[in-house]
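Biologist: Please take a close look at the side-chain contacts in this model, and set out in one connected account where the partners sit and how exposed they are.

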Amino acid sequence: MKYHHVALSVSDLEKSLKFYKEVFGFNEEKRIKREDLRIKAILLKLNPKDDLHLELIQPQKLIENKDDFFNLDILGLKHVCFEVENVDEKHKELKAKGYEVTGIKKGKSIKKYFFIKDPDGFMMEICEK
């Protein structure tokens, strides 16, 4: 068994696509339209050799999630983490592009990390091992 994809429901497919391409370097692999599910979706891939995908799903009718991503007592997905070679450089790059990022923190199992919110407020962690 192996991982295949992580899926996120988003409010604006094109806005989210731009974010994930610009911030993380994802490439669009496939567009999907499912009338039976009332969704449009885009399957993204980070690396052509990697099997892990990110699926962005835009439903016709969106119900907002009021989860607090930093409250670990609330059941649910908290964040997705992406590893980079240099956290300081990535943090500086994203701030220069105008993205809202948290401060850099030192970790116990990872060297350094910070968070960035996607266009719908989902927390994405960026770490350095």
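**Side-chain contacts, one by one**

Modeller: Q58 lies in strand β4 (residues 53-59), where helices (H or I, at least four residues) and strands (E, at least two) are DSSP runs numbered from the N terminus. This is a predicted model, in which local features need pLDDT of at least 70 and side-chain atom pairs count only at pLDDT 80 or more, while totals for chains, interfaces and linings use all residues. Residues are numbered from 1 along each chain as its sequence is written, and side-chain values use heavy atoms, with hydrogens and water left out. The predictor's confidence in each residue, pLDDT, runs from 0 to 100; its mean over the protein chain is 89, and 93% of the residues reach 70 or more.

To return to Q58, its relative accessibility of 19% makes it buried, given that buried means under 20% relative accessible area, exposed over 50% and partly exposed in between (1.4 Å probe, protein chains only). A polar atom of the Q58 side chain lies 2.7 Å from the backbone nitrogen of L13.

The charged pairs come next. There are 10 salt bridges in the structure, each being a side-chain nitrogen of Lys or Arg within 4 Å of a carboxyl oxygen of Asp or Glu. One of them joins D88 to K112, with the closest N and O atoms 2.5 Å apart. Because D88 belongs to helix α2 and K112 to strand β7 (residues 112-117), this pair ties together parts that are 24 residues apart in sequence. The partners differ in exposure class, since D88 counts as partly exposed at 35% relative accessibility, whereas K112 is buried, with a relative accessible area of 16%.

Helix α2 also holds a pair of its own. E93 and K90 form a salt bridge at 3.5 Å, N to O, and they lie three residues apart within that helix, about one turn of it. Here E93 is partly exposed at 30% relative accessibility, while K90 is buried, with a relative accessible area of 15%. K95, also placed in helix α2, is exposed at 52% relative accessibility; its C-alpha is 9.9 Å from that of I116, a residue 21 positions away in sequence. Among the elements of the protein chain, helix α2 (residues 87-96) has the highest mean pLDDT, 97, and strand β1 (residues 5-9) the lowest, 88.

Another salt bridge pairs E128 with K111, at 3.4 Å from N to O. E128 sits in strand β8 (residues 123-128) and K111 in the loop between β6 (105-106) and β7, so the pair ties together parts 17 residues apart in sequence. E128 is buried at 10% relative accessibility, and K111 is partly exposed at 46%. Elsewhere, E14, E28 and R31 are linked in a network of salt bridges.

Note on methods
Polar contact = N/O pair within 3.5 Å; in protein donor to acceptor, adjacent residues only side chain to side chain.
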